[in-house]
Amino acid sequence: MRKTMLVLMGLALVAALALALVLPGCGSSASSRTSPQGRTCLANMRTVDSAIESYNALKDAYPKNMQQMVGEMLKKVPVCPAGGKYIWVDGQPPTIKCTIHGTP
Ligand SMILES: [Zn+2]
């Protein structure tokens, strides 16, 4: 189980690096939520939000972190294409925010 998570995180990292190489203008102007990276990031956060809703509908409880939903509601933990970090915000329901792009 722990090993699977490490593999998934490794894959996510590789995917983020590949995106960083492919997408131009990475970094400096990434604060714009209307940039392609910002839109991808917002789409990621909406995916997580709907995964949280699915989790709640199925288990009648909220997940404690994103990893808890991987495999069932999420294929993998999403990665901000601009290099932002997703912060889990506990609550009823919980949500996530990106350190670069904010909340969805
Ligand atoms: Zn972001």
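**Notes on a predicted two-helix, two-strand chain**

1. Let's begin at a turn-off point: right after helix α2, Asp60 adopts a positive phi of about 55 degrees. Helices here are DSSP runs of H or I with at least four residues, strands are E runs of at least two, and both are numbered from the N terminus.

2. Some ground rules before going on. Residue numbers start from 1 along each chain, following the sequence as written. The model is predicted, so local features need pLDDT of at least 70 and side-chain atom pairs count only at pLDDT 80 or more, while totals for chains, interfaces and linings use all residues.

3. Now the overall plan. There are 2 helices and 2 strands in the chain, and from the N terminus they come in the order α-α-β-β. Of the 104 residues, 20% are buried, meaning that 20 or more other C-beta atoms lie within 10 Å of the residue's own (exposed is 12 or fewer, partly exposed is in between, and C-beta atoms are placed from the backbone). Taking contacts between residues at least 6 apart in sequence, 50% join residues at least 24 apart; a contact needs C-beta atoms, placed from the backbone, within 7 Å.

4. How far to trust it? pLDDT is the predictor's confidence in each residue, from 0 to 100. The chain averages 84, with 71% of residues at 70 or more. Among the elements, helix α1 (residues 2–22) has the lowest mean, 62, and β1 the highest, 97. Go carefully with residues 25–30, where pLDDT stays under 50; the model has 10 contacts beyond four places in sequence for that stretch.

5. Back to α2. This helix has 24 residues and covers 34 Å from first C-alpha to last, close to the 34 Å expected at 1.5 Å a residue (the expected span is 1.5 Å times one less than the number of residues). Its buried residues are Gln37, Gly38, Cys41, Asn44, Met45, Val48, Ala51, Ile52 and Tyr55. Strand β2 is included in what covers them.

6. Two α2 residues are worth a click. Tyr55 sits in helix α2 (residues 36–59) and counts as buried because it has 20 C-beta neighbours inside 10 Å. Leaving out residues up to four places away in sequence, Tyr55 touches Tyr62, Pro63, Met69 and Met73. Met69 is 14 residues from Tyr55 along the chain, with 7.2 Å between their C-alpha atoms. Ala51, also placed in α2, is buried because 20 other C-beta atoms lie within 10 Å. With the four-place limit again, Ala51 touches Met69, Met73 and Leu74. Seen from Met73, the partners are Ala51, Ser54 and Tyr55.

7. What makes up the largest nonpolar core? It has 12 residues: Cys41, Met45, Val48, Ala51, Ile52, Tyr55, Met73, Leu74, Val79, Cys80, Ala82 and Cys98. Helix α2 gives the most to this core, with 6 residues. The term covers buried Ala, Val, Leu, Ile, Met, Phe, Trp, Tyr and Cys residues joined through C-beta atoms within 7 Å. As background, nonpolar side chains in soluble globular proteins tend to be buried together.

8. Last, the strands. β1 (residues 86–89) and β2 (residues 95–98) run antiparallel and are joined by 4 bridges; strands pair when DSSP finds at least two bridges between them. The two form a hairpin with 5 residues in between. Tyr86 stands opposite Cys98 of β2, and Cys98 also belongs to the core listed above.
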